[in-house]
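The following exercises concern helix geometry, helix packing and burial. Each task is followed by a solution in steps.

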Amino acid sequence: MGASEVPVPTLVSGMIGARLVYFTPLLIVVAVMYCLERRAREPECTAVVPIRRYDAGALVLTVVLAHTAGLLVGMDMARNTTLLVALALLVRRLANEATAVAAGLLFLLFNLILGRTLQPEGHSSHTWWAVALYPAGSVTAWLVTAVLFALALPLAEGRRAR
């Protein structure tokens, strides 16, 4: 799967190939959003410890496991997983879980389609806002991701069962 490519249109040069691995963090976001989308009002109301706290712990554990796996598959994957989980949590607060996953997919596609720039040397680079395209060692991308996750985590804990 690491070498497989998906054709993606771009504004710069027609079509480009995006590695399928680039979209792998979406699988994790789908799983996390599915687990957070439960309708268990009665158990959550009668629990001694609010289940929302366990949700926050599970989100942190997801990010830790993504970074552990990132040592094997690349830290840009871990960063993008954290970034998409944070984005999904923010969108989930405003809408629902399905919209949160769709927002992550749209974010990745916008990064690929609109976030690339063609350099005079012939190779492509990324624009300043296309955080998912930054190299794994970019401090800026890590800071943006960490701040976004730190902002999204309390919002995830604050959401009550419907």
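The expected span of a helix is 1.5 Å times one less than its number of residues. The model examined here is predicted.

**Exercise 1.** Determine whether the end-to-end distance of helix α5 agrees or disagrees with the expected span.

*Solution.* Helix α5 covers residues 97–114, which makes 18 residues. At 1.5 Å a residue, the helix should therefore span 26 Å. The C-alpha atoms at its ends are 25 Å apart, so the two values agree.

**Exercise 2.** Identify the residue that caps the N-terminal end of α5, and list the buried residues of this helix.

*Solution.* The cap is N96, with a side-chain oxygen 3.4 Å from the backbone nitrogen of A98. Within α5, the buried residues are E97, A100, V101, A103, G104, L108, N111 and L112.

**Exercise 3.** Describe how helices α1 and α3 pack, and state which residues meet.

*Solution.* Two packed helices are described by the angle between their axes and the distance between the axes. For α1 (residues 25–36) and α3 (residues 51–73), the angle is about 170° and the axes are 11 Å apart. Angles over 145 degrees count as roughly antiparallel, and α1 and α3 are therefore roughly antiparallel to each other. From α1, the residues I28, V32 and L36 meet D55, L59 and T62 of α3. By class, this contact has 4 nonpolar, 1 polar and 1 charged residues.

**Exercise 4.** Classify T62 as buried or exposed, and name its contacts in α1.

*Solution.* T62 lies in helix α3. Buried means under 20% relative accessible area; T62 has 19% relative accessibility and therefore counts as buried. Leaving aside residues up to four places away in sequence, T62 touches I28 and V32.

How values were computed
Residues are numbered from 1 along each chain as its sequence is written. This is a predicted model: local features need pLDDT of at least 70, side-chain atom pairs count only at pLDDT 80 or more; totals for chains, interfaces and linings use all residues. Side-chain values use heavy atoms; hydrogens and water are left out. Axes are lines fitted to C-alpha atoms, for helices over the stretch in contact, and angles run from 0 to 180 degrees between N-to-C directions. Helices (H or I, at least four residues) and strands (E, at least two) are DSSP runs, numbered from the N terminus. Angles under 35 degrees count as roughly parallel, over 145 as roughly antiparallel, 65 to 115 as roughly perpendicular and the rest as oblique. Contact means heavy atoms within 4.5 Å. Ala, Val, Leu, Ile, Met, Phe, Trp, Tyr, Cys and Pro count as nonpolar, Asp, Glu, Lys and Arg as charged, and the others, Gly among them, as polar. Buried means under 20% relative accessible area, exposed over 50%, partly exposed in between (1.4 Å probe, protein chains only). A polar contact is a pair of N or O atoms within 3.5 Å; within protein, one must be able to donate a hydrogen and the other to accept it, and residues adjacent in sequence count only if both atoms are side-chain atoms.
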